[in-house]
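Student: I'm new to this protein. Could you walk me through the words people use for it?

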Amino acid sequence: MGDYPSRSANPSAGGPGVTARHTGSAGTGVSPIPPDDRLGSRPPLGGGGALPTKARFSMESGFRGLSTAAGAMVLVIIVAIAIFLISKAVPALHADTENFLTYKAWFPNDAQPHFGIAALAFGTLLTSVIALIVAVPIALGIALFLSHYAPKRLATPLGFVIDLLAAVPSVVFGLWGRDVLSEPVQSFSVWLNKYFGWLPIFGGDGPFGRSILLGSLVLAIMVLPIVTSLSREVFQQTPGMNEEAALALGATKWEMIRTAVLPYGKPGVIAAVMLGLGRALGETIALALTLGTTFTISFNVIQSGGNSIAANIANTFGEANATGRGALIASGLVLFAITLVVNMAARAIIYRRREFRDSAA
């Protein structure tokens, strides 16, 4: 049964060119050798001979090398920025006659320079935190509405409009906050002072206007599209099986979101919030146009005043001497350190959340 005839019945299936090996008893299941074997073009049988030999250089290895170089370049740039800031800040810090970290005033251009970062760092953190408190709940609500409640014909254009807010220059937000939003915020501050003046954050006798509250509201509007866009993408990535399982168990729409969507998207939401915080910490022109540029530490958010590191750099760089420019660079070094700490904390939170989720799975 295993013998093959020396001549095929079908002329197109080999004909008389069938080799002598086919006439022997090859055993059951052995197929005739294809015609390309007779021409010597068939790759050798057995082992890995049928696989292509690995090239010394391929597109994969080239892409891997480029990706590694790009990742290393980020670290090199961060280190280079830190070295530059430190080298330029050290002479000014040596000339400072006060404690740079605890002193509140800013007089680096005097004959006896005395300046500190305390009030500026406090204002930077306070405005950023208030902006997140205002923006994050609204951003999450918009993201959930666009991803799970709004019909597609409404969600698509509305999401596009919200994304466009991220492309608006910060100077436009600053001018709008100073010229348009200032009066409503001033009236709102008077109302807060009248009915909630017993709270320290709403106390004081005025004047009201260019304040921490105004700057924080402008920052909140600037942060809103970033947090909304990223959170919406995260919520849309929730596995459909999770949502369907929750609904099949009798959960309402909100219970499904609370038990399936929000837990799954928590790491992404944290990353979106931290990215928005980074935008708020480094904002310059918008705060320079809406804050009162005072060097005080106060939790009162409605009285005129307040300042931030970035806004102070924008407002005073033009009139600064050599020591003043070094002092501003030193303040930029502090802002650089704050940003690094915030991002490292965000990465740690996300990593712990992912580790917990993987272990639970």
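Tutor: Sure, here is a short chat about some terms and the values behind them.

Tutor: This is a predicted model, where local features need pLDDT of at least 70 and side-chain atom pairs count only at pLDDT 80 or more, while totals for chains, interfaces and linings use all residues. Residues are numbered from 1 along each chain as its sequence is written, and side-chain values use heavy atoms, leaving out hydrogens and water.

Student: What makes up the protein?

Tutor: It has 11 helices and 2 strands. Those are DSSP runs numbered from the N terminus: helices are H or I with at least four residues, strands E with at least two.

Student: Why is V136 called buried?

Tutor: Buried means under 20% relative accessible area, exposed means over 50%, and partly exposed is in between (1.4 Å probe, protein chains only). V136, found in helix α3, has 15% relative accessibility, so it counts as buried. Across the protein, buried residues make up 36% of the 361 residues.

Student: How do you know that R232 and D163 form a salt bridge?

Tutor: The term needs a side-chain nitrogen of Lys or Arg within 4 Å of a carboxyl oxygen of Asp or Glu. Between R232 and D163 the N to O distance is 3.2 Å, so the pair fits. This pair links distant parts of the chain, with R232 in helix α6 and D163 in helix α4, 69 residues apart.

Student: Is R232 buried or exposed?

Tutor: R232 has a relative accessible area of 10%, so it is buried. D163 comes out at 29%, so that one is partly exposed.

Student: What makes D163, R232 and E233 a network?

Tutor: R232 also forms a salt bridge with E233, with the closest N and O atoms 3.6 Å apart. That links D163, R232 and E233 in a network of salt bridges.

Student: Why is E60 called exposed, and what about R64?

Tutor: E60 has a relative accessible area of 56%, so it is exposed. R64 is at 46%, so it counts as partly exposed. Their side chains meet in a salt bridge too, at 3.2 Å, N to O, and both lie in helix α2, 4 residues apart.

Student: Why is α5 called oblique to α6?

Tutor: Their axes come within 8 Å and cross at roughly 130 degrees. That makes α5 oblique to α6, because angles under 35 degrees count as roughly parallel, over 145 as roughly antiparallel, 65 to 115 as roughly perpendicular, and the rest as oblique.

Technical notes: Axes are lines fitted to C-alpha atoms, for helices over the stretch in contact, and angles run from 0 to 180 degrees between N-to-C directions.
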